[in-house]
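User: I would like a close look at a single part of this model, followed by an account of how the rest of the fold is put together. Please keep the reasoning explicit.
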Amino acid sequence: MIFIQLFTTFFIIGLFTIGGGYAMLSLIQAQVVSVHGWIDEQTFTDIVAISQMTPGPIGINSATYIGYTVLQQSGAPEFVCILGSFTASAAVVLPSFILVLGICKMYNKFQNNHTMESVLTGLKPVVAGLIGAAAVILVTPDNFPDWKSWILFAAAFAASWWWKASPILTIIAGGVLGLVLY
């Protein structure tokens, strides 16, 4: 039964999320924390942090971790927990896979269609709103970072925006400064 809930939940998240993993975070938080109560708010924040640091898309990394954790908390054996990770990960990817497959088949037919261009242009603000909602969730009073985190954020933003610093060097510098500050 839990596999069906995991698959359905993450399939719907994957189906209704446009814009990638960061846009997906607010839906994942609503379903996993609020609706199903599989994890608490602090654990969700930790998942987001870990998912950002590990290779791969944040939405898939979050689904993988949540699928494993839900089954682990129910006392399932290790192999079943891994199947939970696979179920949640496959479910979150499947809608996009089906959609892209369909778009590839229809692309040549609608390549210069004005209506299709208008729809895609209209989706851009929706994606920005979903990403903004995820940011608001992460800075609520329970998850509000301290002043040191704000200084690191401001420095990384300034380095990348105004001085066009390399993202890799910015991440390394942020890590070193984080070790010094904390």
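Is Tyr 182 buried or exposed, and what is its relative accessible area?

Analyst: The model is predicted. Within it, Tyr 182 is exposed, because its relative accessible area of 52% lies over the 50% cut-off for that class. The residue belongs to the segment that comes after helix H8 (167-181). When neighbours within four places in sequence are set aside, Tyr 182 has contacts with Asp 146, Lys 148, Ser 149 and Leu 152. Phe 3 offers a reference point elsewhere in the chain: 179 residues separate it from Tyr 182 in sequence, and the C-alpha atoms of the two are 40 Å apart in space.

Aromatic residues can also be considered through their ring pairs, of which the structure holds 4. One of these joins Phe 7 and Phe 11 in a stacked arrangement, with 5.8 Å from centre to centre and 15° between the planes. Both residues are part of helix H1 (residues 2-16), where they are 4 residues apart, about one turn of the helix. An α-helix has 3.6 residues a turn, so residues three or four places apart point the same way. Phe 7 counts as partly exposed because its relative accessibility is 33%, and Phe 11, at 24%, is also classed as partly exposed. Another pair is made by Phe 157 and Trp 162, whose ring centres are 6.0 Å apart; their planes meet at 90°, so this pair is edge-to-face. Phe 157 has a relative accessible area of 38% and is therefore partly exposed, while Trp 162 reaches 58% and counts as exposed. These two residues belong to one aromatic cluster together with Phe 153 and Trp 161. A charged group is found at this cluster as well: the charged end of Lys 164 sits over the ring of Trp 161, at 5.8 Å from the ring centre.

Attention now turns to helix H4. This helix runs over residues 58-73; at 1.5 Å a residue its 16 residues should span 22 Å, and the end C-alpha atoms are indeed 22 Å apart, so expectation and model agree. After H4 comes Gly 75, which has a positive phi near 85°. The buried residues of H4 include Ile 58, Gly 59, Ser 62, Ile 66 and Gly 67. Among the elements that cover the buried residues of H4 are H1, helix H2 (21-35), helix H3 (41-53) and helix H5 (78-110).

The packing of H2 on H4 can be described in detail. Their axes lie 8 Å apart and cross at an angle of about 25°. H2 is therefore roughly parallel to H4, since an angle under 35 degrees counts as such. On the H2 side the contact is made by Gly 21, Tyr 22, Met 24, Leu 25, Ile 28 and Val 32, and on the H4 side by Ile 58, Gly 59, Ser 62 and Ile 66. Those four H4 residues are among the buried ones named for the helix.

H5 can be illustrated by Ser 85, a residue of that helix. Its relative accessibility is 9%, so Ser 85 counts as buried, in contrast to the exposed Tyr 182. Not counting residues up to four places away in sequence, Ser 85 touches Thr 64, Gly 67 and Tyr 68. Of these partners, Gly 67 appears in the list of buried residues of H4, and H5 is one of the helices covering that buried set.

Notes. Residues are numbered from 1 along each chain as its sequence is written. This is a predicted model: local features need pLDDT of at least 70, side-chain atom pairs count only at pLDDT 80 or more; totals for chains, interfaces and linings use all residues. Side-chain values use heavy atoms; hydrogens and water are left out. Rings of Phe, Tyr and Trp (its six-membered ring) pair if their centres lie within 6.5 Å; planes under 30 degrees apart count as stacked, over 60 as edge-to-face and the rest as tilted. Helices (H or I, at least four residues) and strands (E, at least two) are DSSP runs, numbered from the N terminus. Buried means under 20% relative accessible area, exposed over 50%, partly exposed in between (1.4 Å probe, protein chains only). A charge sits over a ring if NZ of Lys or CZ of Arg is within 6 Å of the ring centre and within 35 degrees of the ring normal. The expected span of a helix is 1.5 Å times one less than its number of residues. Contact means heavy atoms within 4.5 Å. Axes are lines fitted to C-alpha atoms, for helices over the stretch in contact, and angles run from 0 to 180 degrees between N-to-C directions. Angles under 35 degrees count as roughly parallel, over 145 as roughly antiparallel, 65 to 115 as roughly perpendicular and the rest as oblique.
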